[in-house]
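Let's take a relaxed walk through one strand and a handful of charged pairs. Have a look at the structure first, and then we'll go through it piece by piece.

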Amino acid sequence: MRIVGWNIRAGGGYRGLALGAQLRRFRPDVAVLCEFRATPPSAALALTLAELGLGHQITTADPRAPGVNRLLVASRFPLARIEEHRAPAEPGRWLLARVEAKHPFALGAMHVPNRVTGRKWPFLDSVLSVAESWRDGPAVFVGDTNSGRPGIDEESPAFNRREGAWIDGLERAGWRDAFRHVRGSARAYTWYSPNGGNGFRIDQAFVNPDLLPRLTRASHAWGRERPSDHAALVIDLA
């Protein structure tokens, strides 16, 4: 079972063909796309995923606001949306669904707002609340968190204590950063500042205790043509 999480940047745009080609190479069973939009390039990507067998799809994209960044979850297996009253108050940036595979699990897709929006801390607090209270079996949260641990997930200082404490809180609740669980203290960056050129690992998957024994691999990949400003996150489950 392969899950690919990827911020495709502003709906894909003219990079749509390259994004689609790279998704084919990734061969996902479940794909989580951040910055998916209600635009023709995004719709073409959804069609590409359907052609790859990921025809079960849920999106938060809104045709009334086609240029707004949203989410898409596409799966080889049926999806059932899950309502959670502790979830972030931004439904466009959070999507929780059950993946009805042979061994079902829940998947939370997220795109955490930046600090400058003033919405980041309530969003992170809500995700942590969902994780701490989770009693519904195997689960993974995947997406662009705009967060990381100070020191290890940054090439130059940018993350603060609150972002680090959020990840620490998830770990205390039993949710492991998949990449760190598999790769330890290895350095990897998933986004580079266009101004400073410095790297940050802001795309993550957090796996809960019930799903963790199935985690076999976690890596970041930029793709053959680097069609996005983010690296994709690829995780494999036994």
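Before we start, one term: a residue is called buried when its relative accessible area is under 20%, and exposed when that figure is over 50%. Also keep in mind that what you're looking at is a predicted model.

**A covered strand**

Start with strand E14, which spans residues 232-237; 6 of its 6 residues are buried, so by the under 20% cut-off the strand is mostly covered. In a regular strand, side chains alternate between the two faces of the sheet. What does that look like here? On one side of E14 sit Ala232, Val234 and Asp236, on the other Leu233, Ile235 and Leu237, and all of them are buried.

E14 also has strands to pair with. Strand E1 (residues 2-7) runs antiparallel to E14, and 4 bridges join the two. Within that pairing, arginine 2 stands opposite aspartate 236. Strand E13 (residues 215-221) is antiparallel to E14 as well, this time with 6 bridges. There, alanine 218 has isoleucine 235 of E14 as its bridge partner.

**Charged pairs**

Now for the charges. Side chains of opposite charge can pair when their charged atoms come close. How many salt bridges does the model have? The count comes to 18. Here are three of them, with the distance between the closest N and O atoms:

| Acidic residue | Basic residue | N to O distance |
|---|---|---|
| Aspartate 62 | Arginine 64 | 3.1 Å |
| Glutamate 163 | Arginine 115 | 2.8 Å |
| Aspartate 236 | Arginine 217 | 3.6 Å |

Take the pair of aspartate 62 and arginine 64. Is arginine 64 buried or exposed? It counts as exposed, because its relative accessibility is 76%.

The salt bridge between arginine 115 and glutamate 163 links distant parts of the chain: arginine 115 lies in the loop between strand E7 (105-111) and helix H3 (120-132), while glutamate 163 belongs to helix H4 (residues 161-172), 48 residues apart. Arginine 115 is partly exposed at 39% relative accessibility, whereas glutamate 163 is buried, with a relative accessible area of 1%.

Aspartate 236 brings us back to E14, since its salt bridge is with arginine 217. That pair connects strand E14 to strand E13, with the two residues 19 apart along the chain. Aspartate 236 counts as buried at 13% relative accessibility, while arginine 217 is partly exposed at 36%.

Finally, some salt bridges share partners: Asp153, Asp177, Arg180 and Arg201 are joined into one network that way.

Notes:
Residues numbered from 1 in each chain as written. Predicted model: local features only at pLDDT ≥ 70, side-chain atom pairs only at ≥ 80, totals over all residues. Heavy atoms only, no water. Buried < 20%, exposed > 50% of the residue type's maximum accessible area, 1.4 Å probe, protein only. Pairing = 2+ DSSP bridges. Salt bridge = Lys/Arg side-chain N within 4 Å of Asp/Glu carboxyl O.
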